[in-house]
Amino acid sequence: MATNEENSNTKKLQVRRFKPEENPEKHYLNEEKGIWAWMTTVDHKKIGLLYLGSITFFFFVGGVLALLLRTELLTPAQSFIDADTYNQVFTLHGAIMIFFFLIPSVPAVLGNFVLPLQLGAKDVAFPRLNLASYYIYVIGAAFTLFAIFTGGVDTGWTFYTPYSATTSGNVMAMTFGVFILGFSSILTGLNFIVTIHKMRAPGITWNKLPLNLWGLYATSLIQILATPVLAITLLLLTMERLLQIGIFDPALGGDPVLYQHFFWFYSHPAVYIMIVPGFGIISEVISTFSRKVIFGYWAIALSSLAIAFIGFLVWGHHMFTAGQSSLANMVFSFLTFLVGIPTGIKIFNWLATMYRGSIDMKTPMLYAQVFLFLFTIGGFTGIMLGALSVDIHLHDTYYVVAHFHYVMMGGMVMAFLAGLHYWWPKMFGKMYSEFWAKISCAILFVGFNMTFLPQFVMGAQGMPRRYFNYIDQFQSFHQFSTIGAYVMGVAFVIMAIYLVHSLLKGKRASSNPWGSRALEWQISSPPSLHNFHHVPVIVNGPYDYHKPMSEFQLGIAASHNGHHAEEAVSVSQSEKEQA
Amino acid sequence: MNRLSEFMLPPAKSTLAAETDALFHFINVTSIILLAGITFAIIYFSWKYRRRSEDDVTPVITHNNKLEITWSVIPLILVMIVFGWGFTGYLNLTTAPDDSYEIRVVGKSWLWEFHYETGHVSVNELHVPVNRPVKLIMSSDDVLHSFYIPDFRVKMDVLPNRYTSVWFEAIETGESIIYCAEYCGNAHSNMLATTYVHSVEDFETWLETAGSADDDMDPVELGEQLVTRNACDTCHSTDGTRLQGPSFQGLWGSEREMQDGEIVTVDENYVRESILEPNARITAGYDPVMPSYSGTLSDRQIDAIIEYLKTLQ
Amino acid sequence: MSQPSATEERLEHLKHYFIDSDQQFEASKMGMWVFLVTEILFFGGLFLAYIVYRAWYPELYLLASEELHTFWGAVNTVVLIGSSLTVAMAIRSAQLNQIKGLIINLWITIGLACVFMVIKYFEYAEKFGKGILPGGYYTYEGIEHEQANIFFSIYYMMTGLHGIHVLVGIGLMLWLVYKAKKKVFHSGYYTPVEITGLYWHLVDIIWIFLFPLLYLID
């Protein structure tokens with residue numbers, strides 16, 4: 001598919017360049033008014049914001065639940081909630097954070113907002129389907145809330161059988177909610193894949209696709225390939241409770257290990273649904289704030305795809321102690337280590353991009369560096385858990401808990417926050433307080449490490465996860481961890497305050513406050529309702545920082561409307577200067 | 001190194017623990033060195049190449065094959081070492097010697113039962129000889145559990161529809177804690193047991209006399225001991241606190257409403273039924289989660305528990 | 001504020017965010033293909049459960065499949081293959097601008113789909129009558145195997161999910177007939193017909209796998 005600029009079929013185009021309007025009167029946020037217009041919008045940017053509102057709500061709920069857990073763990077025995085409540089709270093914390101926050105966070109919020117902008121498209125390929133995905137998400141969430149208020153769920157977010165098939169509480173509503181939610185994720189992935197394939201503006205060849213989109217593309221592939229398997233698994237589990245079909249329940253002749261295979265076949269790739277789009281954001285942020293060509297474009301792009309691919313083959317490493325054969329364990333362990341390689345390559349590429357750059361330590365860059373540090377720890381501890389003999393000791397202990405929080409929160413949440421702060425001016429046309437943003441980032445970093453570093457030690461010492469009571473020797477670690485959790489809470493409160501302040505009284509943002517070369521920064525902030533008045537023509541890649549800024553101003557083809565993205569485009573010198 | 005080891009890991013009390021620990025430390029130290037390098041690079045670059053003016057010009061460096069191959073191959077070699085090391089360690093952990101001493105383990109919500117060759121059953125107490133490989137053959141009566149002894153670095157899930165096993169060889173006498181590591185419901189975190197590692201002679205003596213000491217004990221005293229030994233008190237308090245099951249205090253002779261509305265007087269027959277077939281009649285407001293003690297407790301032991309319950313008014 | 005591009009008249013069916021009809025058609029078609037991939041994986045989970053249990057209890061599958069009526073299964077296979085043909089003819093009619101032919105072919109397809117569902121209904125009814133109910137409600141004693149209920153759980157899950165897909169297909173085609181009567185489709189625009197056709201072929205193909213796997217075991 002890829003072609004290069006020096007293609008002999010080069011067409012000469014008449015290109016007129018123009019500057020984006022600064023602080024436009026009319027933009028997507030105010031062009032249509034009223035709640036109804038918002039609730040029925042098919043505009044990808046507004047749908048992104050609807051998701052942003054929803055996931056913020058769920059992040060808040062999940063965060064409060066986490067604080068409840070940490071507070072209860074201040075003492076080795078019961079502090080203020082009973083064991084049943086504790087079990088329900090950790091189940092909900094996990095399920096809400098994973099299914100309602102992490103999975104939709106980057107693809108559905110930032111992806112929806114930025115993907116068509118980066119492609120030079122007016123919208124995603126199926127805008128109504130996009131809105132439908134959002135409402136499917138809302139319905140799934142409603143089922144889950146219904147489950148919480150009608151008995152709760154105490155199975156852990158993994159819903160392992162036979163416990164989940166026999167426990168009291170409303171497991172059915174919960175699994176059905178997650179089942180529905182899966183379709184939201186599938187449809188978003190489908191929409192993105194088609195959009196990336198078919199809606200690229202003229203000139204955006206595969207080798208000029210922003211790395212953020214490579215990340216989203218790999219994520220979407222996982223979403224459409226893995227989520228259906230989760231859907232069928234949860235459907236079978238729902239049927240197990242409704243009709244006792246006996247596929248997973250040993251009491252009826254079924255097999256609980258089969259359930260684990262089914263579940264992790266989705267849920268391991270789901271980990272990559274959560275982290276791979278983060279890689280995309282980090283690539284954008286590091287290149288922009290280093291003002292330098294990204295190092296190893298293809299290495300980063302292809303390693304995302306490689307991770308997505310190998311990610312499908314490693315689900316069994318969640319089951320090293322579950323009683324599968326030694327051969328299976330060996331293969332899964334081997335493949336697990338292979339995932340480490342493309343991940344390592346990315347980290348080195350990002351470092352190399354910073355080398356000899358012109359680094360501006362703005363908030364998004366600060367988050368990107370926090371990401372690099374925390375995610376690297378998450379990666380190394382993943383190697384630890386991939387080593388078979390060590391995993392036998394560490395499996396199902398706090399070590400695992402700390403590991404995935406380093407990957408999910410230290411990795412994905414930090415990447416999400418980097419992206420949110422990066423695109424915030426584009427989303428709302430307002431700047432936030434740089435000072436408070438950095439303070440909040442620093443507090444978050446300290447709080448995060450206070451919370452989860454002690455958990456590595458506890459886990460290695462043998463503290464099993466999902467424990468309501470624990471033996472006294474772990475108390476000081478738990479208390480330290482709890483204090484850290486509250487420190488993180490403070491950081492998020494500060495963040496909420498300065499972001500709301502930015503919305504209400506923030507300084508107006510220019511169309512390109514970071515001096516980025518990427519396409520979405522060449523239109524006004526906030527963008528107009530249909531993004532581009534004309535189909536833009538793209539000549540330079542998104543990371544061509546060696547070329548002057550003026551070359552990146554949008555051009556429109558005077559007499560050509562072809563959408564064939566493979567077509568290489570060149571601009572003659574005289575037109576360039578018209579800008 | 002030793003102090004780091006003590007800080008990070010529990011004492012190594014089995015023959016294979018040291019091998020696992022060595023790999024643990026290898027990965028830890030390598031990771032810390034690499035992490036330090038990466039962190040240094042982040043901080044150094046951020047300072048050294050900080051933006052000096054808006055017109056900074058940056059070089060075009062799109063790739064560097066030598067460098068990229070280096071940072072792909074070195075990690076690959078490192079992880080392959082870890083893989084091989086981990087896998088061989090794992091094979092040792094899963095291949096029990098032929099002359100292992102076998103003990104049957106049954107996981108029930110929420111207690112561990114250990115069945116010895118003599119027919120003796122101990123609850124939440126695993127007695128093993130030192131310097132002799134011990135193989136545990138495990139199964140579950142209800143949901144998934146996981147048998148975990150941190151000191152021996154062994155863990156294995158316990159499943160309801162098949163047998164799984166772990167083995168270890170303790171290298172010193174003493175006590176080690178046993179956890180359930182797979183979430184199994186309400187009292188998951190109370191599903192603890194203790195391993196008692198005896199010298200070979202002590203173990204033989206224990207095995208011969210186990211249980212017989214009860215014979216000449218007062219029934220009430222024996223009942224009290226049995227309630228603790230068999231983990232009844234994990235779920236039934238003796239002071240009126242509500243746990244997973246009804247408290248024993250004031251239970252005897254009282255009238256309780258069952259889930260189906262039936263009113264039952266707590267007498268000898270009801271207690272006996274509740275011990276042997278716990279889910280036949282459930283007190284209203286509680287879940288049917290108690291495992292059966294059929295085969296674990298003898299008639300004489302049940303009588304003793306009944307006598308003990310009578311005293312808890 | 002969809003701004004018509006400088007040179008091209010906007011066509012009625014062309015959404016403002018597409019550049020031209022070709023792009024819109026290709027996007028829709030690719031969207032459906034991707035969706036079909038997810039469908040295959042969705043059923044794939046069930047096929048996997050089928051395979052695992054068949055490997056564990058091969059004799060159960062032999063015994064239990066005798067309870068299924070091969071004849072009616074075969075009839076249903078022919079019916080569905082026929083409907084795949086008529087849906088292809090419907091697309092052909094649309095391409096040739098023969099709206100009448102399009103509507104007739106769609107009606108035939110809907111009719112065949114209904115025949116399929118009716119036969120399925122009688123098969124289910126007969127089994128329910130015997131006590132072959134899914135999962136815990138299974139009471140039939142004609143099969144001497146402890147896990148007989150699992151075979152039928154898988155049978156009901158697979159054919160039930162497939163049946164739901166047939167019902168969705170019927171709904172889609174009724175909607176197409178309605179649109180066709182309103183003269184929405186012509187040789188320049190028949191994307192919904194084409195992609196519904198794709199969906200219908202998938203429903204057909206899944207049945208072609210289900211039929212031998214469930215009915216023809218010996």
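Here are three short exercises, with solutions, on a predicted model.

**Exercise 1.** Work out how many residues each chain puts into the contact between chains A and B, and which element of chain B gives the most.

*Solution.*
- Step 1: Start with the totals. Chain B brings 71 residues to the contact and chain A brings 72.
- Step 2: Look for elements of chain B that supply two or more residues to this side. You should find α1 (2-8), α2 (17-48), α3 (65-94), β6 (145-149), β7 (154-158) and β9 (174-180).
- Step 3: Pick the top contributor. That's α3(B), with 16 residues.
- Step 4: Sort chain B's side by class. You get 41 nonpolar, 19 polar and 11 charged residues.

**Exercise 2.** Find the strand order of the five-stranded open sheet in chain B, and name its edge strands.

*Solution.*
- Step 1: A quick reminder: strands in a sheet pair through backbone hydrogen bonds, either parallel or antiparallel.
- Step 2: Trace the order in chain B, which reads β4-β10-β9-β6-β7, and note that the pairing is mixed.
- Step 3: Now spot the edges. β4 (125-129) and β7 of chain B each pair on one side only, so they're the edge strands, because an edge strand is what the sheet ends on.- Step 4: Check the twist, which averages 20° from one strand to the next.

**Exercise 3.** Describe how β9(B) is joined to β10 of chain B, and say which helix lies across β4 and β10 of chain B.

*Solution.*
- Step 1: Count the bridges between β9(B) and β10 (residues 193-198) of chain B: there are five, and the two strands run antiparallel.
- Step 2: Try one bridge yourself. Go to B:Glu175 and look across to β10(B), where its partner is B:Tyr196.
- Step 3: Find the helix. It's α4 (residues 200-209) of chain B, and it runs at about 135° to β4(B).

Technical notes. Residues numbered from 1 in each chain as written. Chains lettered and ligands numbered in written order. Predicted model: local features only at pLDDT ≥ 70, side-chain atom pairs only at ≥ 80, totals over all residues. Contact = placed C-beta atoms within 7 Å. Helix = DSSP H or I, 4+ residues; strand = E, 2+ residues; numbered from the N terminus. Nonpolar A, V, L, I, M, F, W, Y, C, P; charged D, E, K, R; others polar. Pairing = 2+ DSSP bridges. Axes fitted to C-alpha atoms, helices over the stretch in contact; angles between N-to-C directions.
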